[in-house]
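Visitor: Please take me slowly through the binding site and the parts of the chain that build it. I work with such sites on a computer, so I would like the distances and the burial of each residue as you go.

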Amino acid sequence: MKLTILGGGGFRVPLVYRALLDDHAEGRVSRVTLYDTDGDRLTAVARVLAEQAAGIDDAPPVLATGDLDEALRGADFVFSAIRVGGLEGRAADERVALDEGVLGQETVGAGGIAYGLRTVPVATDLARRIARLAPDAWVINFTNPAGLVTEAMARHLGDRVIGICDSPVGLGRRIARVLDVDPDRAWIDYVGLNHLGWVRGLHVDGRDQLPRLLADPALLGSFEEGRLFGADWLRSLGAVPNEYLHYYYFNREAVRAYQDAEQTRGAFLRDQQEGFYARMKDPAAPPLATWDRTRAEREATYMSENRDVAGAGEREESDLESGGYEQVALALMRAVARDERTSLILDVRNRGTLTVLDEDAVIEVPCLVDANGAHPVAVDPLPYHAVGLVTAVKAVERAVLEAAESGSRAAAVRAFALHPLVDSVNVARRLVEGYTGAHPGLAYLDRP
Ligand code: G6P
Ligand code: MN
């Protein structure tokens, strides 16, 4: 089985490869092709993978290429993990928003819209190319903003593209741990859009255990989201939100903390990764150790300003190990390739699951997965507070898709202006000016 990774020079590729090395079952991935537009990054990551594979007899061979057609031909699975504009682009997305007094973040609010506007045209071209060259391949989209990008790709690939994120699994696992239940036996009632969802229940043997958590301040104080949102707010909400909802529920504090921070997340990661890729040019630098040190530092500082705002302290040891993102991808690939039925929280087209959204809207919900793909399961309707955010943000995503397809600036302004975290149409207009000035990749927004 051939797996192709688009964005194969990306920093998190070794996580995926490590997961592949642990899989020895029949029908496993037998070769990996890394595709990237940046040859130096490809070489750097290939060095890390070579060290990971050292001494392992059945390690899948790795081919690195800058030829997209070669990479796609014959692929059974394609992982799409690209970063249009690189981390420099991410830093600019954050900076322009923060200078306007609104949230600058990779996936949420103005920054996420800017990133979406830059990424959708590129992801759409890739989807078209995959549909032509590898029509039977399954595409797993990791590229953020993952829900929006998956929806853009689904217009060309239908249900053959499935989006993934590790935050719902991480949240489910943390809640299960706190409640002392086996995560594999728990049914997690999680629903929403990517980075905009809520755990509304955690069922074991037909019994919802979440009320036990919500009733216990000590338990609520003992895991990441409990500390981030605070026991009172979680009880009042009657659900545990995805950590990214901190940007909504504590927006003012988060924006201020991001403005006051010495560096934005994007700028920090840009500098950190420049250091890593530069070191990899030195043949004496140990690839795996250097990569792992960089990875650990990235994990430890994840959402640190939000945790500071909430007084939530450091991340827990068990949350620093990763094991989320690549495990979801591997479980999904296994289920599809070997018809090993399982359930996973994934980003898929709605198909009637949430009645407030149309059929084609990509949502994030538990799915049953088998050789025929991912099928969203029936869920209870969203409560009104969630309907409000989910439909508002879906309207924003649709405006982004419209702008990306038509080049309409008015649609781009509408995307920013309709976002619940952008507080004036004038701000939206200035954001479009600011972003088109900062990003050559937005020059396509040249129609009124
Ligand atoms: C979480 C999110 C991902 C994001 C990752 C890394 O896992 O779900 O979407 O890519 O964190 O965030 P970072 O700020 O380190 O790039
Ligand atoms: Mn994510």
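Guide: Happy to. One term comes first: a residue is called buried when its relative accessible area is under 20%, exposed when that area is over 50%, and partly exposed in between. Please also keep in mind that this is a predicted model.

Let us begin with ligand 1. The residues around ligand 1 are R12, R90, N144, C165, D166, S167, H195, Y244, R265, L269, R298 and Y302. By type, this shell splits into 5 charged, 4 nonpolar and 3 polar residues. Both domain 1 (2–163) and domain 3 (252–310) supply residues to the shell, so ligand 1 lies between these two domains.

Three arginines in the shell come with distances that you may want to note. The side chain of R265 has an N or O atom 2.7 Å from an oxygen atom of ligand 1. For R90, a polar side-chain atom sits 2.8 Å from an oxygen atom of the ligand. R12 likewise places a polar side-chain atom 2.9 Å from a ligand oxygen. How much of ligand 1 does the protein cover? On its own, ligand 1 has 390 Å² of accessible area, and the protein covers 90% of this.

Next comes the metal. Ligand 2 is a manganese ion, and C165 (SG) and H195 (NE2) coordinate it at 2.2 to 2.4 Å. These two residues link distant parts of the chain, 30 residues apart: C165 belongs to the loop between β6 (161–163) and α7 (167–179), while H195 belongs to the loop between β7 (187–193) and β8 (196–204). C165 and H195 also appear among the residues around ligand 1, which ties the metal site to the shell we have just visited.

Are the two metal-binding residues buried or exposed? C165 has a relative accessibility of 8%, so it counts as buried. H195 has 5%, so it is buried as well. The backbone of H195 deserves a look too: its phi is positive, about 60°, although the residue is not a glycine.

Now let us follow another shell member, N144, into the backbone around it. N144 is one of the residues around ligand 1 and is found in the loop between β5 (138–141) and α6. Its relative accessibility is 14%, so N144 counts as buried. The peptide bond that leads from N144 to P145 is cis, with omega near -10°. P145 is also in the loop between β5 and α6.

Helix α6 covers residues 146–157, and A146 is part of it. A146 has a relative accessibility of 1%, so it counts as buried. Which atom of A146 does the side chain of N144 reach? That side chain reaches the backbone nitrogen of A146, at 3.3 Å. The backbone oxygen of A146 has a partner as well: the side chain of N141 reaches it at 3.4 Å. N141 is found in strand β5, and with a relative accessible area of 0% it is buried. The two asparagine side chains thus address A146 through its backbone, N144 at the nitrogen and N141 at the oxygen.

For a sense of spacing, take the C-alpha atoms of A146 and R295: they are 21 Å apart in space, with the two positions 149 residues apart in sequence numbering. Helix α15 (residues 287–300) contains A296, which at 36% relative accessibility counts as partly exposed. A296 and E321 are 25 residues apart along the chain, and their C-alpha atoms are separated by 7.9 Å.

Two other spots can round off the walk. L68 lies in helix α3 (residues 68–72) and is buried, at 9% relative accessibility. L68 and Y35 are 33 residues apart in sequence, yet their C-alpha atoms are 6.5 Å apart in space. D339 is found in the loop between α18 (325–338) and β11 (342–349). Like H195, which has its positive phi, D339 is a residue other than glycine with a positive phi, here near 55°. D339 counts as partly exposed, at 35% relative accessibility, whereas H195 is buried.

Methods:
Residues are numbered from 1 along each chain as its sequence is written. Chains are lettered from A and ligands numbered from 1 in the order in which they are written. This is a predicted model: local features need pLDDT of at least 70, side-chain atom pairs count only at pLDDT 80 or more; totals for chains, interfaces and linings use all residues. Side-chain values use heavy atoms; hydrogens and water are left out. A residue is near a molecule or strand if one of its heavy atoms lies within 4 Å of it. A polar contact is a pair of N or O atoms within 3.5 Å; within protein, one must be able to donate a hydrogen and the other to accept it, and residues adjacent in sequence count only if both atoms are side-chain atoms. Accessible areas come from the Shrake-Rupley method with a 1.4 Å probe; for residues, only the protein chains shown count as cover. Ala, Val, Leu, Ile, Met, Phe, Trp, Tyr, Cys and Pro count as nonpolar, Asp, Glu, Lys and Arg as charged, and the others, Gly among them, as polar. Domain bounds come from an automatic or database domain assignment. Donors are N, O and S atoms within 2.8 Å of the metal (3.2 Å for Na, K and Ca); water is not among the atoms, so sites may look incomplete. Helices (H or I, at least four residues) and strands (E, at least two) are DSSP runs, numbered from the N terminus. Buried means under 20% relative accessible area, exposed over 50%, partly exposed in between (1.4 Å probe, protein chains only).
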